[in-house]
Structures are given as structure tokens and as C-alpha cells.
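User: Please pick one part of this structure and take a close look at it for me. Then follow the chain outward from there, in plain words.

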Amino acid sequence: MRNKYLPFLVILLIFLLSSSAKVVAEFTSPRIPILVGTVPPLATPVGTSAPTANPFSEIELAKYILNTTIDYDAHALTVSEDIYYPNDSADPLDRLVLAVVPNLWEGTFNLTSLSVDGTAVTTFSLNGQRLEITLPAALQPNAIVKINIEYILNLPFAEQEDPNISRPRIFGYTTRQMNLTNWYPFVVPYINGEWVLHEPWVYGEHLVYDAADYEVNLNFTNPASAPTVAASGFPEKIDNYTRYTINAARTFAISASREFQVSTLQAGDVTISSYYFSPSEAAGQAALQTSAESIKVYGEHFGPYPHKSLAVVMGDFNDGMEYSGFYYLSRDFYSLYDGTPTNYLTFVAAHETAHQWWFDQVANDQALQPWVDETLSTYSEYIYYETIYPDLTSWWWRYRIDFYKPQGLVDISIYEGNGFRPYTNAAYFQGARFMEELRRRIGDEAFFAFLQDYFAKGRGRIVTANEFFRVLGQHTSADYSDLVKKYFKNTY
Ligand SMILES: [Zn+2]
């Protein structure tokens, strides 16, 4: 199948470093040059004059500070981004590799300045989605480097293509919504001496994320007509901007619209907010309720939900999609909602909420081993129905899985799927069948003890299929090798 991104991947854009372009002057912190390997000073927060605390005394995760001004009507953003990146590998790093996904759209990503530890650098290349920065000095293990990137994003119109062929277009704007997903440069994982940045594909997700801490300071050029904002982080109003924070997250998403209606629900200490368009009030409430129930069900079966908030957002495209503390549901699910739990809105809400465990907390290589989060999130739908609507479990198998007569081996990469439907049939639906057969083989007690242990061991990390099976093997003496042979192309 043709890769629609190919034309963009071969475009090498050359950027002029401009020291005069202070695109977000109101957010610009004083530049304090720091040495590689020292603990950096806290970037001066917007609207305050002095550092308040040092968050890096026990740094393990990268920290992203995104000072962002949105011109909503112009579909444009100006961003000053600070990345504090700790080298938690055993290798000295002479360069960093970042994903700049907006650069897959011509004219969207416009770099205005790039600095390392306060000094402007020209030793970088930006080729398609890949930004490679050669560091002035090697970053030693356990040392931290500060990268500052300033840029303007001119968002593309999110034109929707045939959903049977390609993934939905999320990033960009529609007539009533701005969707910021994978909108900022981020350092890709460095695993076993390799920077993990795969090529995009027409369906499935290709990005792999380290867990990181995020602070997004957001304001609008025209505050009087600012839209309603849904975001990955927990909001805090400070002067003329809003600060959103989320820790140990994989990615930070934002959706904005002047037409959003909002309903919120408190589930324990988690604030769940549902953002939807009129006349989808009933469906917006149902998505909220399913999310709250799912957080409870998965909290009991797998482990705790880690964030203070969850945003459930009606998207102007045809699919659901997960981000940290945030997920989208297609507008189509809202319009088809019939007031009952036997529909796409409910099971996809349960699915996307499950990704907060299988993706956000326990991450995996979404391109090469997509089943590792998709199989678990699909089977989590079943656990949701089993717990909340036990009378509907056979309906779920029939309507959600068997209807498609799924075939294929579960452990394919996104590049091997041979089309969207065969891909999801294998990685999602055959995966769910495998989980059910496995559960019957080893029994409920071992099955859920395994899931809890796998969650606990994988939390905050990027796991592999081998680790899934290694933990499984620690929880049962039953022979399930025939199931592995039936459902998987590799041996585990
Ligand atoms: Zn999924």
C-alpha cells in the first residue's frame, strides 16, 4: 500500500536560525547557560519572577515545558519549548534524535531558534519527522542536557480520507475544532544503542514514547474569544494563562473548540471531563459515565489510574485515539449512540480508557508490536462489560469480534497488516480471542494475578512481547504453547 507520507519524507527543509525572532516573548525565560552534566535551574515560569523549587533532584524522566500561544482563528501556534533530557542509558550520547511529526506537513513546522544549554546550535538536521541534534559535548550517563526549541506551527486542515484505507486525520483543524497531537518535538526512546523512530504508516500508530513530565503554559492571542480547551494535563489558572501539568505521561494532547459543551464527573480523586458538540449531550454523558466506570473496573483489575484528570473528547474524525490523560471518540459514535450500552460509543470509550493502562502506563513499540497494547485494550473492553453489564458479554463477542470473522497472526507490525481491517482483525480481535482462551486455560486467579504483575512490572517502561510472556510464565504452570502457536507467528 502506498505510503501517503512519502512525498513529505523526502523533503529536507533548511531553516534559518533567527536570533531576533522572539516568537513568544511573554513566555521567554532568561537564558542561563548551563554546563552539560549539571542540574539545570528551573525555567522561570510564566508570570513569576523566581524559581520556586528544583524538580530535578531525583530526575529520572525528561521534562517538557511548552510555553504556547495559540492564535485560534489563524490556526497557528507560537511555542518556546524547553526539554530537560536526562541520559538514563549507560552510553555517552553525542547526539539526540527527536520526532517532529508536524514536519510531515509541508509548511507546518517553522523553526525559529534551537539551543543546547543556552547556546544556539547549527549542528542539527531536520529531515521529515527526524530532528537530529549533535551535542557540543557528549552527554554522559546520568547527566542532563537542556534543549530549547522555538517554533511556529501553521496547522494543516484535517481533511478526512477514506477510513477504510487510511487512519483518521487528527492533527490540524476543522471548521469547529483544533487538534494538537504529537505537535511538539520530543526525544525518542534510546533503547539498546538505537534511537527508536519508525516511519509513519497509513494506519496504526508508529511512535514510541518514553514517559516524561509535562508543563504546558497556554494562552491565546485573543483571550476574549478563547475557545474551550481539553488537555492531557490538570489545569491551573495563573494570571493570563493556564498551566497544565501531567507527570510520567507518554504524550500531551490538546483539543480546542468554541463549540465544546463540557460535563465533568469526579471519580475518586480523578476529574473526568467530557467535551462534545451539540446535539450530542446524551452521548457525551454516556462517554463520561463509561470512562468513570472503566477507571474503577481497571483500577480494581490491573492497578491505579495515575493522573489527576482524564479528558474525553469528541473528535471530528472517524475513530477513537488514545493519548495520556486524554482520548478521542469519533463524532460518528456520538451520532449513532442510541441510549444503550450496546454500541460503539460505549465499547470504544472502554477501549480508549484502557489505553491509560496499556499505552500510557505500560508502553510498547506501537509500530513493531502493536498487539501489546491493542490486544490488552480490546480485551479490557470485555472485562468492562463483564463487570458492568454481565448480560452483554456474548453480545460483545458477537458484535465487536466475531462479526468481522477475524483471522491472522496477532504479533504483526503495522507495516504487515495488509490493510486496516486485516490489521485490526489480527492485532486487536484475534488478540482478544487469544486472551480469552489463555484465561480459560490458566484460570481466573492466575490470569488476573498475571495482569496485575505485568502492569506493576511494566509501569513507566516500554515493554516487549517477550516480557509479556515472561511474566505470564511466572503465574502458571499450565501449558499454553499450543495457543501461542495458534495465534502468534513468533515463538515466545
Ligand atoms: Zn486501541
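Analyst: Two strands count as paired if DSSP finds at least two bridges between them. Strands themselves are DSSP runs of E with at least two residues, helices are runs of H or I with at least four, and both are numbered from the N terminus. One thing up front: this is a predicted model, where local features need pLDDT of at least 70 and side-chain atom pairs count only at pLDDT 80 or more, while totals for chains, interfaces and linings use all residues. Residues are numbered from 1 along each chain as its sequence is written.

Let's zoom in on strand β1, residues 62-71. Nine of its ten residues are buried (20 or more other C-beta atoms, placed from the backbone, within 10 Å; 12 or fewer is exposed, and in between is partly exposed). β1 pairs with β14 (residues 212-220) through nine parallel bridges, and Ile-70 has Phe-220 as its bridge partner there. With β2 (residues 76-86), β1 makes nine bridges too, but in the antiparallel sense; Leu-66, for instance, is matched with Glu-81. β1 and β2 make a hairpin with four residues in between, and His-75 in that turn has a positive phi of about 55°.

β2 also leads us to the core, since Tyr-85 falls within residues 76-86. A nonpolar core is a set of buried Ala, Val, Leu, Ile, Met, Phe, Trp, Tyr and Cys residues joined through C-beta atoms within 7 Å. The largest one here has 139 residues, and Tyr-85, Val-312, Leu-329 and Leu-345 touch the most other members. Helix α7 (residues 420-442) is its top contributor, with eleven residues. Domain 1 (6-45 + 59-259) and domain 2 (371-487) both supply residues, so the core lies between them; those bounds come from an automatic or database domain assignment.

Now for α7 and its neighbour. Helix α5 (residues 371-388) packs against α7 at about 65°, with the axes 8 Å apart. Axes are lines fitted to C-alpha atoms, for helices over the stretch in contact, and angles run from 0 to 180 degrees between N-to-C directions. Among the residues that meet are Trp-371 and Tyr-382 from α5, and Phe-429 and Met-435 from α7. Contact means C-beta atoms, placed from the backbone, within 7 Å.

Val-312, another of those well-connected core members, belongs to a stretch worth a look: strand β21, residues 309-315. β21 is part of an open, mixed sheet of five strands, ordered β19-β20-β21-β23-β22. β19 (261-267) and β22 (321-323) sit at the edges, each pairing on one side only. On average, neighbouring strands are turned by 15° against each other, ignoring direction. β20 (residues 270-276) runs parallel to β21 with five bridges between them, and Ile-272 stands opposite Leu-310. Helix α2 (residues 281-301) packs on this sheet, touching β19, β20, β21 and β23, at about 25° to β19. Helix α4 (residues 344-354) lies across β21, β22 and β23, at about 155° to β23. Leu-345 touches Ala-283, Ala-286 and Leu-329, among others, leaving out residues up to four places away in sequence.

Zooming out, the chain holds ten helices and 25 strands, and 48% of its 492 residues are buried. Of the contacts between residues at least 6 apart in sequence, 68% join residues at least 24 apart.

Definitions and conventions. Two residues are in contact if their C-beta atoms, placed from the backbone, lie within 7 Å.
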